[in-house]
Amino acid sequence: MMALLAFGDTSAQTYCTSDGGSGNVFNVARVQLGTIDNLSGDNNGYADFTAQSISVQQASTIPVVLQPGGPFFLRYRWRAWVDWNSDGTFGAGELALQTVGFGSESGTIAVPTGTSAGPKRVRISMSAFAFRGACDQFATGEVEDYTIEVLPVCEASAGTMSTVKPDVCEENGIAILAATSGGAVVIPAGYQQLFVLTSGTGLVIQQVSTTPQFTVTTGGAYTIHSLVYDPATLDLSIVVPGVTTGFDVNGLLIQGGGTICASLDVAGAAFTVSDPGAGTMSGGSDVCLNGGSAELVAAANGDANVPAGYSQAYVLTSGAGLVIEQLGATPEFTVTAGGLYTIHSFVFPTGLDLSVVVPGVTTGFDVNGLLVQGGGSLCASLDVAGTVFNVNAPNAGTMSGGGDVCLSDSSVVLTATANGDANVPAGYSQAYVLTSGAGLVIEQLGATPEFTVTAGGLYTIHSFVFPTGLDLSVVVPGVTTGFDVNGLLVQGGGSLCASLDVAGTVFNVNAPNAGT
């Protein structure tokens with residue numbers, strides 16, 4: 001048989017002929033060589049299938065499955081040679097596979113380390129009765145040639161990535177992730193280095209950049225990878241941010257089992273971004289102290305973010321200085337004094353030692369100063385503004401000085417004394433009310449606890465603390481009673497935040513008359 005030209009071999013070697021004989025029943029029925037799967041059947045002793053090629057790397061292993069055609073009771077001998085050094089011969093040491101059996105046989109062909117790149121002729125020989133040489137002519141089998149394309153050694157190396165700050169806290173809604181490239185990066189001529197940001201354990205690609213620094217706006221796990229690649233062989237337009245993964249890209253590369261010479265640092269530099277958000281609060285209002293206490297109840301607006309490993313609590317502060325008074329699991333607090341109060345949301349690492357907070361001393365500003373958002377280092381979030389309550393605590397106090405008084409010259413002046421236990425908050429005023437009888441019919445109002453009466457009977461002087469500007473025209477002297485007014489107040493079941501000393505101080509005015 002004529003010498004055959006090696007397919008794709010630039011040195012144009014001619015190979016010796018080998019033939020298993022024409023017209024016999026012993027043939028190669030099927031060859032599976034790596035990704036090649038050729039149902040060849042009878043080819044009259046020889047077939048040139050060098051157009052069928054597989055691409056492999058140095059030091060890789062190629063799976064082989066061989067199936068004979070012929071009587072099932074015969075033992076078939078198989079040999080395979082590969083011209084690894086591309087010298088046009090199947091020399092000593094190039095026998096790559098030898099096996100014998102009655103039916104289908106399997107094995108592997110190992111690609112030697114250091115094999116030059118390029119096409120390599122593969123010769124597969126099957127004989128029914130004896131092992132044959134690579135150049136033998138015989139009459140009881142078949143010979144087939146194929147091609148193995150050895151890829152060039154890939155010199156690209158992404159190196160490794162590192163960072164000194166793997167735990168990052170979002171500040172004002174963003175976090176900046178920065179890594180350092182190192183570890184013997186190799187960028188061959190025509191190659192480039194890029195950096196890839198992925199998210200999650202699935203390494204979903206989010207961004208690429210020429211520098212290893214990225215800005216993110218969502219908490220979670222991130223990784224910055226180095227990628228060294230040749231734009232001519234790896235088209236990055238296939239990357240769909242949010243869809244394509246680092247594993248997808250790696251699978252295209254030689255290092256990941258693909259065919260493209262490039263290098264991806266799959267491990268990369270890992271980051272954990274925490275984005276605690278205290279959210280906002282609502283529900284603040286003017287509240288009236290009733291019975292010595294007031295319930296302050298706020299509502300979280302549902303815009304907090306509590307990452308895994310974090311907890312949410314609520315903080316009650318007082319005054320413009322935000323002095324911390326109480327902490328609680330719910331935004332509900334009881335206070336016993338008037339003043340300005342604020343309920344704040346606080347999202348913090350679970351297990352954080354809160355013993356540093358001293359109620360009545362530590363302020364919300366102190367705590368905020370410890371947080372990243374306030375210039376500190378603790379990754380937590382405090383809703384500094386919170387929702388504000390103005391707790392009014394008007395207290396009429398008590399009166400003294402009542403007693404038995406005698407009407408003289410048709411009138412008498414009743415004078416009481418405020419006991420100094422009233423509380424008149426900002427925006428409030430204090431006045432005094434004179435009532436008569438057990439029904440407390442209002443007779444007079446005055447700026448001082450001093451009234452003149454002209455008839456005998458039972459009188460009471462009361463202290464009244466009320467919002468400045470309150471319309472007192474609803475009081476009709478001789479008709480409206482102290483009980484009517486008290487019923488309008490929070491203390492009496494109404495809604496007006498004011499205070500009336502209902503008991504007051506009582507005078508019994510006697511009016512003896514000798515007659516005529």
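1. Let me start with Phe129, which is partly exposed at 47% relative accessibility in this predicted model. Phe129 has an aromatic partner, Phe26, and the two rings meet edge-to-face, with 5.8 Å centre to centre and 80° between the planes. The partner is the buried one, since the relative accessible area of Phe26 is 13%. Phe26 sits in the loop between strand S2 (14–15) and strand S3 (27–33), while Phe129 belongs to the loop between strand S10 (118–127) and S11, so this contact ties together parts that are 103 residues apart in sequence.

2. A second aromatic pair worth a look is Phe49 with Tyr146, and this one is stacked: 5.5 Å centre to centre, with 25° between the planes. Here the rings come from strands, Phe49 from S5 and Tyr146 from S11, so the pair ties together parts that are 97 residues apart in sequence. Phe49 counts as buried at 15% relative accessibility, and Tyr146 is buried as well, with a relative accessible area of 0%. The count of aromatic pairs comes to six.

3. Those strands lead nicely to the sheet. Five strands make up an open sheet in the order S5-S11-S10-S7-S8, and the pairing is mixed. Strand S5 (46–56) and strand S8 (95–101) have a single partner strand each and stand at the edges, so one side of each lacks a neighbour in the sheet. From one strand to the next, the twist averages 20°.

4. If you would like to follow the pairing at the S5 edge, S5 runs parallel to strand S11 (residues 141–150), and the two are paired over seven bridges. A handy place to check the register is Tyr46, whose bridge partner in S11 is Val143.

5. On to the cysteines: the structure holds four disulfides. With the bonded cysteines counted along the chain, the pattern reads 1-2, 3-5, 4-7, 6-8.

6. One of the disulfides joins Cys16 to Cys135, with an S to S distance of 1.9 Å. The link is left-handed, with -75° about the S-S bond. Cys16 is in the loop between S2 and S3 and Cys135 in the loop between S10 and S11, so parts that are 119 residues apart in sequence are tied together. Cys16 is partly exposed at 26% relative accessibility, and Cys135 is partly exposed at 40%. Readers may like to view this bond alongside the Phe26 and Phe129 pair, whose residues lie in the loop between S2 and S3 and the loop between S10 and S11.

7. Cys154 and Cys261 form another disulfide, with sulfur atoms 2.0 Å apart. This link is right-handed, at 90° about the S-S bond. Cys154 comes from the loop between S11 and strand S12 (160–162), and Cys261 from the loop between helix H1 (246–252) and strand S20 (263–264), 107 residues apart. Cys154 is partly exposed, with a relative accessible area of 22%, whereas Cys261 counts as buried at 17%.

8. Finally, please look at Cys288 and Cys497, a disulfide with sulfur atoms 2.2 Å apart. The torsion about the S-S bond is about 80°, so this disulfide is right-handed. Cys288 lies in strand S23 (residues 286–288) and Cys497 in the loop between helix H3 (482–488) and strand S40 (499–500), so the bond ties together parts that are 209 residues apart in sequence. Both Cys288 and Cys497 are buried.

Methods. Residues numbered from 1 in each chain as written. Predicted model: local features only at pLDDT ≥ 70, side-chain atom pairs only at ≥ 80, totals over all residues. Heavy atoms only, no water. Pairing = 2+ DSSP bridges. Helix = DSSP H or I, 4+ residues; strand = E, 2+ residues; numbered from the N terminus. Axes fitted to C-alpha atoms, helices over the stretch in contact; angles between N-to-C directions. Phe/Tyr/Trp six-rings, centres within 6.5 Å; stacked < 30°, edge-to-face > 60°. Buried < 20%, exposed > 50% of the residue type's maximum accessible area, 1.4 Å probe, protein only. Disulfide = S-S within 2.5 Å.
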